[in-house]
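This report looks at aromatic packing, one helix and one acidic side chain. The structure under discussion is shown below.

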Amino acid sequence: MINSYNKALQRTRNSFNREQSNLTIGITDTPLEQAILPEMIKAFHREYPNCKIFLEEFDHNRLKHHLIDHDSDVIFTTHDDITDLAKAKYYHLFSGHFVAIVPTDHHLSDREELALDDLAGEKILLMDNNWCPPEQLKLQETIRKKVDDLDINYVNDVEIVSLMVKAGLGITVMPSFVAIEKADVIKAVKLNYPAPLDYGLVCRKDEADPLVLAFCQVMQEQAEGM
């Protein structure tokens, strides 16, 4: 509440200064965002140097509420996560598929592709519901119900689950565009599990702020060059 108040106060002050503006961006702090956003935001800032940028980290559900409630101007998320938001406008950045993240010394790391049954008997790390877009939640439920002899732990942060895999505490599943590999520590192995996966950024469909629309356009241009 205090942060929202301070941002609202800043917006009011900036309304008297046409050369100054604010942009609040919501993220879930995935390895992908850690890897790409610094340079993408720098590119935007070069074109709009007078824009103050705020970054906020929340789980998927809270991000959507922040967008609807005008607390965030733009959020980064998967396309399947906003299909229930009639007032959301989606900008595509990346497409991908599901992968299993395993330590490089794991017996599954030398495989090119894994079936779900290959996970039988493994220690597996799954994301809790608030951190799961619908397609990942569907995959996790399929694994939980159909794969035998699993030792399951639930995690509520993408960075933490990656850390746990690196520490040898289990393996996990996630979209390929979220997984940024440390080639000497972990490996992403494709899962034989077809699902439509798409990652991008979202603003409100009635958004009229040219700065928000410009940010979305610059992010798309940057993604195309990667």
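## Aromatic pairs

Y199 is buried, its relative accessible area being 3%, and in this predicted model F94 is likewise buried, with a relative accessible area of 17%. Both values fall in the buried class because that class takes in residues under 20% relative accessible area.

The structure holds 7 aromatic pairs. In one of them, F76 and F215 meet edge-to-face, with 6.4 Å from centre to centre and 85° between the planes. This pair links distant parts of the chain, since F76 belongs to strand β3 whereas F215 belongs to helix α6 (residues 210–224), and the two are 139 residues apart. F76 and F215 are both buried. The rings of F94 and Y199, by contrast in geometry, have planes at 25° and centres 6.3 Å apart, so that pair is stacked. Distant parts of the chain are linked here too, with F94 in strand β4 (residues 88–96) and Y199 in strand β11, 105 residues apart. One aromatic cluster is formed by F44, Y48, F76, F94, F177, Y199 and F215, a group that includes the members of both pairs described above.

## Helix α3 and its surroundings

Within helix α3, which spans residues 60–68, the residues H60, L63, K64, H66 and L67 are buried. These residues lie on the same side of α3 because the arc they cover around the axis is only 160°. The buried residues of α3 pack against four strands, namely β1 (21–27), β2 (51–57), β3 (74–78) and β11 (197–204); of these, β3 carries F76 and β11 carries Y199.

At the N-terminal end of α3, D59 acts as a cap, with a side-chain oxygen 3.0 Å from the backbone nitrogen of N61. After the helix comes H70, which has a positive phi, near 65°.

## The buried acid E122

E122 sits in the loop that runs between β6 (113–114) and β7 (123–127). Which side chain of opposite charge is nearest to E122? That side chain is R111, at a distance of 8.6 Å, and E122, although buried, has no salt bridge.

What the side chain of E122 does have is a polar contact of 3.0 Å with the side chain of H106. When residues up to four places away in sequence are left aside, E122 touches H106, H107 and L108, then D149, L150 and D151, and also I171. H106 therefore appears both as a polar partner of E122 and among the residues that E122 touches, contact being defined as heavy atoms within 4.5 Å.

Conventions:
Residues numbered from 1 in each chain as written. Predicted model: local features only at pLDDT ≥ 70, side-chain atom pairs only at ≥ 80, totals over all residues. Heavy atoms only, no water. Buried < 20%, exposed > 50% of the residue type's maximum accessible area, 1.4 Å probe, protein only. Lys, Arg positive; Asp, Glu negative; His and termini not counted. Salt bridge = Lys/Arg side-chain N within 4 Å of Asp/Glu carboxyl O. Polar contact = N/O pair within 3.5 Å; in protein donor to acceptor, adjacent residues only side chain to side chain. Arc of directions from axis to C-beta. Phe/Tyr/Trp six-rings, centres within 6.5 Å; stacked < 30°, edge-to-face > 60°.
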